[in-house]
Amino acid sequence: MAFRLGKRLNKKSLWVRIIAWSLVILWLCMIWYFSAQPGSQSKKLSDHYEYKAQKLAKSLNAGSWVKALIKFTRKFAHIIEYIILSLLLLFAYYASGYRYPRMVIRIVITCLLCAAIDEIHQFFVPGRTSMLTDVFLDTAAALAIQIPI
């Protein structure tokens, strides 16, 4: 798999791999947790942040552009989630011995699969919808952060 023949597996590199993949799993659990929230609970959380943003915009006297930004709050959360996942996967795959360009291909495929599974999961959560565009957005975010690296 990721272990190369001829290289000795020392304890330090093993622990780095365990930590790296544990971070990936923890982040996926966090994504799954937010996806499992019913629509009403998810809306309540979004409304809370929208209220904070409106309050900030009012104090800064910048209401018009902030209102447009608020519309994209949920999509922005998707982007941030999958940028972080992509960076954690970069660390995990690198620690496992993968290098460019194969590593980036694996990262994007992993993010695509995780996003697809997440959207299928949301389909079964009351009050939530499953959208193919979210899968593409999540995958694009994961790929976009890999390009400058």
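This passage describes the fold, the aromatic contacts, the nonpolar surface and the cysteines of a predicted model.

Residues are numbered from 1 along each chain as its sequence is written, and side-chain values use heavy atoms, with hydrogens and water left out. As the model is a predicted one, local features need pLDDT of at least 70 and side-chain atom pairs count only at pLDDT 80 or more, whereas totals for chains, interfaces and linings use all residues.

The chain contains six helices and zero strands, where helices (H or I, at least four residues) and strands (E, at least two) are DSSP runs numbered from the N terminus. Along the sequence, the pattern reads α-α-α-α-α-α. Of the 149 residues, 33% count as buried; buried denotes under 20% relative accessible area, exposed over 50%, and partly exposed the range in between (1.4 Å probe, protein chains only).

Several residue pairs that are separated in sequence were examined through their C-alpha distances. Arg17, in helix H1, is buried at a relative accessible area of 15%. Its C-alpha atom is separated by 5.5 Å from that of Ala95, although the two residues are 78 apart along the chain. Ile107 belongs to helix H5 and is buried, with 0% relative accessibility. Between Ile107 and Leu89, 18 residues apart in sequence, the C-alpha to C-alpha distance is 6.1 Å. Met131 is located in the loop between H5 and helix H6 (132–146) and is partly exposed at 31% relative accessibility. For Met131 and Ile120, eleven residues apart in sequence, the corresponding C-alpha separation is 8.8 Å.

Aromatic contacts were assigned from ring geometry. Rings of Phe, Tyr and Trp (its six-membered ring) pair if their centres lie within 6.5 Å, and planes under 30 degrees apart count as stacked, over 60 as edge-to-face and the rest as tilted. By this rule, four aromatic pairs are found. In one of them, Trp21 and Tyr93 meet edge-to-face, with 5.1 Å centre to centre and 90° between the planes. Trp21 lies in helix H1 (residues 11–35) and Tyr93 in helix H4 (residues 73–95), so this pair ties together parts that are 72 residues apart in sequence. Trp21 is partly exposed, at 27% relative accessibility, while Tyr93 is buried, at 11%. A further edge-to-face pair is formed by Tyr33 and Phe34, with 5.4 Å centre to centre and 65° between the planes. Phe34 is partly exposed, its relative accessibility being 30%. Trp21 and Tyr93 also join Tyr98 in one aromatic cluster.

A charged side chain is also placed over an aromatic ring. The criterion requires NZ of Lys or CZ of Arg within 6 Å of the ring centre and within 35 degrees of the ring normal. Arg99 lies over the face of Tyr94, at 3.7 Å from the ring centre. In the sequence that follows, a cis peptide bond joins Tyr100 and Pro101, with omega about -5°. Most peptide bonds are trans. Pro101 occupies the loop between H4 and helix H5 (102–123).

The surface carries a nonpolar patch of about 720 Å², made by Leu14, Trp15, Val16, Ile18, Ile19, Leu23, Leu26 and Phe91. Patches are made of residues with over 30% relative accessible area and no salt bridge, like charges being joined within 9 Å and nonpolar side chains (Val, Leu, Ile, Met, Phe, Trp, Tyr) within 5 Å. Accessible areas come from the Shrake-Rupley method with a 1.4 Å probe, and for residues only the protein chains shown count as cover. A salt bridge is a side-chain nitrogen of Lys or Arg within 4 Å of a carboxyl oxygen of Asp or Glu. Helix H1 contributes the largest share of the patch, seven residues. Leu23, located in H1, is partly exposed with a relative accessible area of 36%.

A search of the whole structure for disulfides (pairs of cysteine sulfur atoms within 2.5 Å) finds zero. The sulfur of Cys111 is 6.4 Å from the closest cysteine sulfur, in Cys114, which is too far for a bond. Cys111 is buried, at a relative accessible area of 0%, whereas Cys29 is partly exposed, at 46% relative accessibility.
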